[in-house]
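I opened a fresh notebook page for this one. Here is what I looked up, step by step.

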Amino acid sequence: MYSVRTGDGCMFCADDGDTTTYIPDEYLTIFVRSLDRDHKFRGLMIHANDVNDELVGSWEIPQDDDVHVHTPCSSPAVLLHTSATMKPSLTKLRWKAPPAGTGTVTFRALIKDRVANTGEFYYPNFNGDLKLKEAVDKE
């Protein structure tokens with residue numbers, strides 16, 4: 001019902017165009033999309049973990065009037081929704097990758113759907129969590 005990806009092209013095509021790596025200390029756009037136009041999410045929690053299950057990276061919060069996410073003071077590595085209002089069908093998030101040497105990261109997300117206090121929760125992606133390998137410098 002929802003996807004969390006590094007691209008927003010055809011997710012069912014052999015070459016979806018999504019990147020499978022991150023560059024240390026650089027920003028990467030993460031796309032959260034409703035796969036059903038009639039379903040928009042109300043809540044979101046997303047973070048990236050390294051192979052030791054430690055939180056890694058940080059999130060850039062847009063400085064505009066339509067901000068619907070924030071990072072808790074205790075952890076800039078976690079991104080949360082700000083309210084139970086319906087969110088757009090497509091949300092673009094900016095994640096700053098961790099420093100070199102971190103290795104593979106796994107994005108874990110939980111999405112809240114439907115009625116604010118009673119709806120359902122979903123893990124996005126039919127084929128599991130989004131995993132990105134650290135890009136290797138080929139110098």
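**Strands and overall build**

I started with secondary structure, keeping in mind that this is a predicted model. I counted 12 strands and zero helices in the chain. Reading along the sequence, I just kept writing β, giving β-β-β-β-β-β-β-β-β-β-β-β. Next I looked up the radius of gyration: it is 15 Å, close to the 14 Å from the globule rule for 139 residues, so the chain is as compact as a globular protein of that length. I also noted that the C-alpha trace spans about 50 × 40 × 30 Å along its principal axes.

**Inside and outside**

How much of the chain is buried? I got 37% of the 139 residues. The chain exposes about 8200 Å², and 51% of that comes from carbon and sulfur atoms. Then I checked contacts between residues at least 6 apart in sequence: 69% of them join residues at least 24 apart.

**Charges**

I tallied 21 negative and 15 positive side chains. The centres of the two sets lie 6 Å apart.

**Two odd phi angles**

Before this step I jotted down a reminder: most residues other than glycine have a negative phi. Asp25 has a positive one, near 65 degrees. I found Asp25 in the loop between strand S2 (21-22) and strand S3 (27-34). Is Asp25 buried, exposed or partly exposed? Its relative accessible area is 45%, so I wrote down partly exposed.

Asp53 also went on the page, with a positive phi near 65 degrees. Asp53 sits in the loop between strand S4 (41-49) and strand S5 (55-56).

Note on methods: Residues numbered from 1 in each chain as written. Predicted model: local features only at pLDDT ≥ 70, side-chain atom pairs only at ≥ 80, totals over all residues. Heavy atoms only, no water. Helix = DSSP H or I, 4+ residues; strand = E, 2+ residues; numbered from the N terminus. Rg over C-alpha atoms; globule rule 2.2 N^0.38 Å. Buried < 20%, exposed > 50% of the residue type's maximum accessible area, 1.4 Å probe, protein only. Contact = heavy atoms within 4.5 Å. Areas by Shrake-Rupley, 256 points an atom, 1.4 Å probe, with all protein chains shown as cover. Lys, Arg positive; Asp, Glu negative; His and termini not counted. Charge placed at Lys NZ, Arg CZ, Asp CG, Glu CD.
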